[in-house]
Amino acid sequence: MEERTTRQSGYRPTGSGSSRRRLRAFRRRRAVLMAVCATLLAAALGAVVHPAAQAGSTASVRTGSVTGAAPATSAPAPGAAVAPAAVGGLGPALDARINDIVAANPEYQIGVALLDVSDGAAASGEVRQYGVESVFVAASTAKVLAAEAFYHLVETGAASLDDPLGDYTAEFQLQAMIQQSDNDSWSLIMDSVGHAELTDYAASIGVDYSPESNTLTPADMARILAGLYTGTLLTPADTAQLLAFMQNTNYETLIPAAVPAGVAVFHKYGLLGGELHDAAILAEGGRAYALVAYTKGDDLDSVPERTEVIHQVTQAVADTLF
């Protein structure tokens, strides 16, 4: 089970009737604000999401180790703006920087995955992997997969964002699960999807996942993010809402803290026992990349040191690609 994340005040109705009325008013205002943000984000994504998103098809992303990996290319859609070339681009120079960071920290298990998702490139691109390529306990990063599976139920008519889950709606629980990393909300969403059904959904997008073990490889997590950002899994509106939940979260000290101004970050962290992870989309203009950094130590005492490792990896990626 994930490290407990304290619910913020207002997640459960307590106190006097006037307090509850104020809480309901607050939730209504927040719902309106999130709807506006999601609408604006949907409009922005419409300019960069690959046209395959409109067809709702699932991207097939090949995995490949760093050795011999080559960045994929894809022709831009007719009339689409061509993104400017990255400063350095995916290649040996960036590979060497990330491998050096991993090698300099042998006391930790570190797995990094990087995937170009610019202009729908994830449909044929390779996941570049560094360090440990096998599974980690995914901790809360797997909440993104659970959210995608619930939105899939909504889009197939098997569920609704207005369905009551616990004391609130499904939409509220999705936001709490992603933005506040709330474990009670995660349990409600997981129960609604179903454990076996979640495993089947993961398999349908090319990911091997069991809720009981909650393990993913860094490359699998990169695929989960790629499918979301490129719009191949969900409708534009649901894509925009989930990405909006992945900003301004309750834990912004990992990848977001090391990204330069002007680069947008959509991410989900994980913290459990010896696991410290962050999984993000970094985007600026026509360029976008899925960056996953999974780390494992003996316990939480090394969180500051592993946070610095994640910062170093993020800075290497940002310096080279933006």
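Helices are DSSP runs of H or I with at least four residues, and they are numbered from the N terminus. In this predicted model, helix H5 is followed by Ser181, whose phi is positive, near 55°. The secondary structure of the protein amounts to 10 helices and 10 strands. Of the 322 residues in the protein, 53% are buried. Among contacts with a separation of 6 or more, 70% are between residues 24 or more positions apart.

**Helix H5 and the loop after it**

- Helix H5 covers residues 170–179 and is mostly covered, with nine of its 10 residues buried.
- The buried residues of H5 include the nonpolar Ala170, Phe172, Leu174, Ala176, Met177 and Ile178.
- Gln173, Gln175 and Gln179 of H5 are buried as well.
- Ser181 is found in the loop that connects H5 with helix H6 (183–193).
- Ser181 has a relative accessible area of 0%, and it therefore counts as buried, the cut-off being under 20%.

**Positive phi outside glycine**

- Most residues other than glycine have a negative phi.
- Ser181 departs from this pattern: its phi is near 55°, a positive value in a residue other than glycine.
- Asn248 also has a positive phi, of about 55°, although it is not a glycine.
- Asn248 is placed in the loop between helix H9 (236–245) and strand S8 (264–272).
- The relative accessibility of Asn248 is 66%, so this residue counts as exposed, whereas Ser181 is buried.

**Nonpolar cores**

- In soluble globular proteins, nonpolar side chains tend to be buried together.
- The largest nonpolar core of this model comprises 56 residues.
- Within this core, the residues with the most contacts are Phe150, Leu174, Tyr209, Leu216, Met221 and Met246.
- Helix H4 supplies the largest share of the core, namely nine residues.
- Leu216 is in contact with Val135, Phe136, Ala138, Ala142, Val207, Asp208, Tyr209, Met221, Ile224 and Tyr294, its neighbours within four places in sequence being left aside.
- Two of these partners, Tyr209 and Met221, are themselves listed with the most contacts inside the core.
- Another core, of 32 residues, lies apart from the largest one and has Ile101, Val313, Ala316 and Val317 among its members.

**Packing of H4 against H7**

- Helix H4 (residues 143–155) packs on helix H7 (residues 195–204) at an angle of about 95°, and their axes are 10 Å apart.
- The two helices are therefore roughly perpendicular to each other, since angles of 65 to 115 degrees are classed in this way.
- On the H4 side, Leu145, Ala146, Glu148, Ala149 and His152 take part; on the H7 side, their partners are Leu198, Tyr201 and Ala202.
- The residues of this contact divide into six nonpolar, one polar and one charged.

**His277 in strand S9**

- His277 belongs to strand S9 (residues 275–284).
- With a relative accessible area of 0%, His277 is buried.
- The His277 side chain reaches the backbone oxygen of Val137 at 2.7 Å.
- A polar atom of the same His277 side chain lies 3.2 Å from the backbone nitrogen of Thr295.
- Residues up to four places away in sequence not being counted, His277 touches Phe136, Val137, Ala138, Ala139, Thr141, Leu254, Tyr269, Gly270, Ala293, Tyr294 and Thr295.
- Phe136, Ala138 and Tyr294 are contacts of both His277 and Leu216.

**Asp299 and Glu308**

- Asp299 is located in the loop between strand S10 (287–296) and helix H10 (303–321).
- Its relative accessible area of 34% makes Asp299 partly exposed.
- Neighbours within four places in sequence aside, Asp299 is in contact with Gly273, Gly274 and Arg306.
- The C-alpha atoms of Asp299 and Gly273 are separated by 5.7 Å, although the two residues are 26 residues apart along the chain.
- Glu308 has its place in helix H10 and is partly exposed, at a relative accessible area of 38%.
- Glu308 and Ile255 are 53 residues apart in sequence, and their C-alpha atoms are 9.9 Å apart in space.

Technical notes: Residues are numbered from 1 along each chain as its sequence is written. This is a predicted model: local features need pLDDT of at least 70, side-chain atom pairs count only at pLDDT 80 or more; totals for chains, interfaces and linings use all residues. Side-chain values use heavy atoms; hydrogens and water are left out. Axes are lines fitted to C-alpha atoms, for helices over the stretch in contact, and angles run from 0 to 180 degrees between N-to-C directions. Angles under 35 degrees count as roughly parallel, over 145 as roughly antiparallel, 65 to 115 as roughly perpendicular and the rest as oblique. Contact means heavy atoms within 4.5 Å. Buried means under 20% relative accessible area, exposed over 50%, partly exposed in between (1.4 Å probe, protein chains only). A polar contact is a pair of N or O atoms within 3.5 Å; within protein, one must be able to donate a hydrogen and the other to accept it, and residues adjacent in sequence count only if both atoms are side-chain atoms. A nonpolar core is a set of buried Ala, Val, Leu, Ile, Met, Phe, Trp, Tyr and Cys residues joined through side-chain atoms within 4.5 Å.
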